Amino acid sequence: MNKLVTKNLFLIASITSIFLSACNLGNGIMERNEEPLASAYANFQEINENYRSTDFEVKLICEAQGYPHPIRVFPSINKQWIIEADAEKSDETQGDYIFYKLNGAGNITDTLYLTYKGYWAELIDDFMVFTNYEEAYYTTWPLDGDTTKRYFKVLNADLNWSAVKVNQHIENAKANSKYWFYKYITNNETSYLKFYYYQNKQWQILWQKVEGFQTVRDEESAGRYSVEVI
């Protein structure tokens, strides 16, 4: 195993250690074993920013105490890693997140602070996607650091399409789109199953009104495109 790969693995292990420490500060989810180590482990070092080695370096990237996922790590494009950390420090910052972009050498190349506005970002390869009832937009921050809002093309906003036309369009989009997912949304006691997809270099959204609650399966959700390492 080369030094670069080893360095990345220990970086991940370091984040894991920080995650466990954050859990210990919570509501008793985990307990720390305070018993002294056996003599065979006397020279072992805890994996943190004070770890010393001639083969790799351990850096403290971030700390968080949120629940249930204070820190998550995702592989990203261009051999990068994206760290998502809970940024809550007070009631005013509850739900806020800060993202860190790391290159293959384990160095931070960009950060992004997102204020919670009732919904969270979805990481889908080149894109950071934001959706709620009122709007849908995306940025290319994972790819190039650009946070410019780019809006979805909206289809059937007036809900005039027939059920046959809606279903045919969805089936065609599923077969020919690089990414697609559903989201169930309610507004004024009316239910919608919104279909989002990326086709011909354009993010699009198709509205459809449905009767009653609709379950979106994991294999049809946006979350399936974000593979968590930790």
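Which residue of β2 is the bridge partner of Phe74? The answer is Ile82, and the tour below reaches this pair after a view of the whole chain. The model is a predicted one.

**The whole chain**

Begin with the complete protein chain in cartoon representation. The chain holds three helices and 13 strands. Of its 230 residues, 42% are buried. Where residues at least 6 apart in sequence are in contact, 45% of those contacts join residues at least 24 apart.

**First stop: the sheet β1-β2-β3-β4**

Select β1 (71-75), then add β2 (residues 81-86), β3 (97-102) and β4 (108-114). These four strands form an open sheet in the order β1-β2-β3-β4, and their pairing is antiparallel. The edge positions belong to β1 and β4, each of which has a single partner strand, so one side of each lacks a neighbour in the sheet. On average, neighbouring strands here are turned by 20° against each other, direction ignored.

Narrow the selection to β1 and β2. The two strands run antiparallel and are joined by five bridges. Display Phe74 together with Ile82, its bridge partner in β2. Next display Arg72, whose bridge partner in β2 is Glu84. Although β1 is an edge strand of the sheet, β1 is mostly covered, with four of its five residues buried.

**Second stop: the turn between β1 and β2**

Follow the chain from β1 into β2. The hairpin of these strands has five residues between them, and Asn78 takes a positive phi near 55°. Lys79 lies in the loop between β1 and β2 as well. The phi of Lys79 is near 60°, a positive value in a residue other than glycine. Such values deserve a pause because most residues other than glycine have a negative phi. Is Lys79 buried or exposed? Lys79 counts as exposed, because its relative accessibility is 73% and the cut-off for exposed is over 50%.

**Third stop: the largest pocket**

Keep Arg72 and Glu84 displayed, and add Trp120, Ala121 and Glu122. Among the 25 residues that line the largest pocket, these five lie nearest its centre. The bridge pair Arg72 and Glu84 therefore belongs to this central group of lining residues. The volume of the pocket is about 600 Å³.

Which strands each supply at least two residues of the lining? They are β1, β2, β3 and β5 (122-124). Colouring the lining by residue class gives 10 nonpolar, eight polar and seven charged residues.

**Fourth stop: the sheet β5-β6-β7-β8**

From the pocket, move along β5 to the next sheet. Here four strands form an open sheet in the order β5-β6-β7-β8, again with antiparallel pairing. The edges are held by β5 and β8 (146-151), each with a single partner strand, so one side of each is left without a neighbour in the sheet. Neighbouring strands of this sheet are turned by 30° against each other on average, direction ignored.

Select β5 and β6 (residues 127-131). These strands run antiparallel and are joined by three bridges; Leu123 has Met128 as its bridge partner in β6. Two residues lie between the strands in this hairpin, where Asp125 takes a positive phi near 50°.

Now isolate β6. All five of its five residues are buried, so β6 is largely enclosed by the rest of the structure. Show the side chains to see both faces covered: Phe127, Val129 and Thr131 are buried on one side, and Met128 and Phe130 on the other.

Add β7 (residues 136-140), which pairs with β6 in the antiparallel sense over four bridges. A hairpin of four residues joins the two strands. Met128, the partner of Leu123, also has a bridge partner in β7, namely Thr139. Continue to β8, which pairs with β7 in the antiparallel sense over three bridges. Display Tyr137 and, opposite Tyr137, Tyr151 in β8.

**Last stop: Lys201**

Finally, select β11 (190-199) and β12 (202-206), and look at Lys201 in the loop between them. Lys201 has a positive phi of about 60° although it is not a glycine. With a relative accessible area of 75%, Lys201 is exposed.

Conventions:
Residues numbered from 1 in each chain as written. Predicted model: local features only at pLDDT ≥ 70, side-chain atom pairs only at ≥ 80, totals over all residues. Heavy atoms only, no water. Pairing = 2+ DSSP bridges. Axes fitted to C-alpha atoms, helices over the stretch in contact; angles between N-to-C directions. 1 Å grid on protein atoms, 1.4 Å probe; cavity = no way out; pocket = protein on both sides within 12 Å on 5 of 7 lines; lining within 4 Å. Points joined across faces, edges and corners; volume = space filled by probe spheres on them. Nonpolar A, V, L, I, M, F, W, Y, C, P; charged D, E, K, R; others polar. Buried < 20%, exposed > 50% of the residue type's maximum accessible area, 1.4 Å probe, protein only. Contact = heavy atoms within 4.5 Å.
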